[in-house]
Amino acid sequence: MPPVVPPFLIGLIAAPLAKRLLKPLMRGVVKTSVSLAYEVKKATHEAGENIHDLAAEVAAEMVAAQIAAGDVEARPGDGRQAAESNAPKAEQDEAAARAEGDARAPKIRATAGGSKAR
């Protein structure tokens with residue numbers, strides 16, 4: 001009958017060998033998967049940029065076609081340009097000054113830790 005070797009002795013011998021063999025293998029697997037994930041992320045970003053560029057080109061072509069057809073009456077904006085074009089020059093200057101003053105006015109925000117009236 002062959003001699004019986006306890007399993008823990010096999011583990012004591014196999015563990016250092018497995019560490020020497022498996023550590024470089026696992027390091028290579030992790031390194032490859034990280035580089036693959038980076039390449040996929042990069043390709044996805046480039047595809048998104050291409051789609052964005054394509055959408056911008058199509059929008060520009062549509063605007064150019066509308067201008068060529070004469071469908072566009074006023075420049076695109078917030079709608080104030082068409083309304084202010086009929087107003088006298090003094091009113092236009094006053095509206096512009098008011099808009100500029102609103103843009104420069106400080107904004108006061110309530111904070112979460114502020115005092116509350118009780």
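The exercises below work through a predicted model of one protein, each with a solution in steps.

**Exercise 1.** Find how many helices and strands the protein has, and state the pattern that its sequence follows.

*Solution.* Counting the elements first, we find three helices and zero strands. Reading along the sequence then gives the pattern α-α-α.

**Exercise 2.** Decide in which helix the confidence is lowest and in which it is highest, and say how the low values should be treated.

*Solution.* We begin with the whole protein, whose mean pLDDT is 76, with 58% of its residues reaching 70 or more. Turning to the helices, the confidence is lowest in H2, residues 80-85, where the mean is 48, and highest in H1, where the mean is 92. Where pLDDT is low, the predicted coordinates should not be read in detail.

**Exercise 3.** Classify lysine 23 as buried, partly exposed or exposed, and name the patch to which it belongs.

*Solution.* Lysine 23 lies in helix H1, which covers residues 7-69. Its relative accessible area is 58%, and because exposed means over 50%, lysine 23 counts as exposed. Together with Lys19, Arg27 and Lys31, Lys23 forms a positive patch on the surface.

**Exercise 4.** Classify aspartate 53 in the same manner, and list the residues of its patch.

*Solution.* Aspartate 53 is also placed in helix H1. Its relative accessible area is 42%, and since this value lies between the cut-offs of 20% and 50%, aspartate 53 is partly exposed. On the surface, Asp53 gathers with Glu39, Glu46, Glu49, Glu57 and Glu61 in a patch of negative charge.

**Exercise 5.** Describe the nonpolar patch that contains leucine 9, and then consider the surface of the whole protein.

*Solution.* Leucine 9, found in helix H1, has a relative accessibility of 36% and therefore counts as partly exposed. The patch is made of Val5, Phe8, Leu9, Ile10, Leu12, Ile13 and Leu17, which together have about 720 Å² of accessible area. For the whole protein, the exposed area is about 11200 Å², of which carbon and sulfur atoms supply 63%. Finally, of the 118 residues, 1% count as buried.

How values were computed: Residues numbered from 1 in each chain as written. Predicted model: local features only at pLDDT ≥ 70, side-chain atom pairs only at ≥ 80, totals over all residues. Heavy atoms only, no water. Patch = residues over 30% accessible without salt bridge, like charges linked within 9 Å, V, L, I, M, F, W, Y side chains within 5 Å. Areas by Shrake-Rupley, 256 points an atom, 1.4 Å probe, with all protein chains shown as cover. Salt bridge = Lys/Arg side-chain N within 4 Å of Asp/Glu carboxyl O. Lys, Arg positive; Asp, Glu negative; His and termini not counted. Charge placed at Lys NZ, Arg CZ, Asp CG, Glu CD. Helix = DSSP H or I, 4+ residues; strand = E, 2+ residues; numbered from the N terminus. Buried < 20%, exposed > 50% of the residue type's maximum accessible area, 1.4 Å probe, protein only. pLDDT = per-residue confidence, 0-100.
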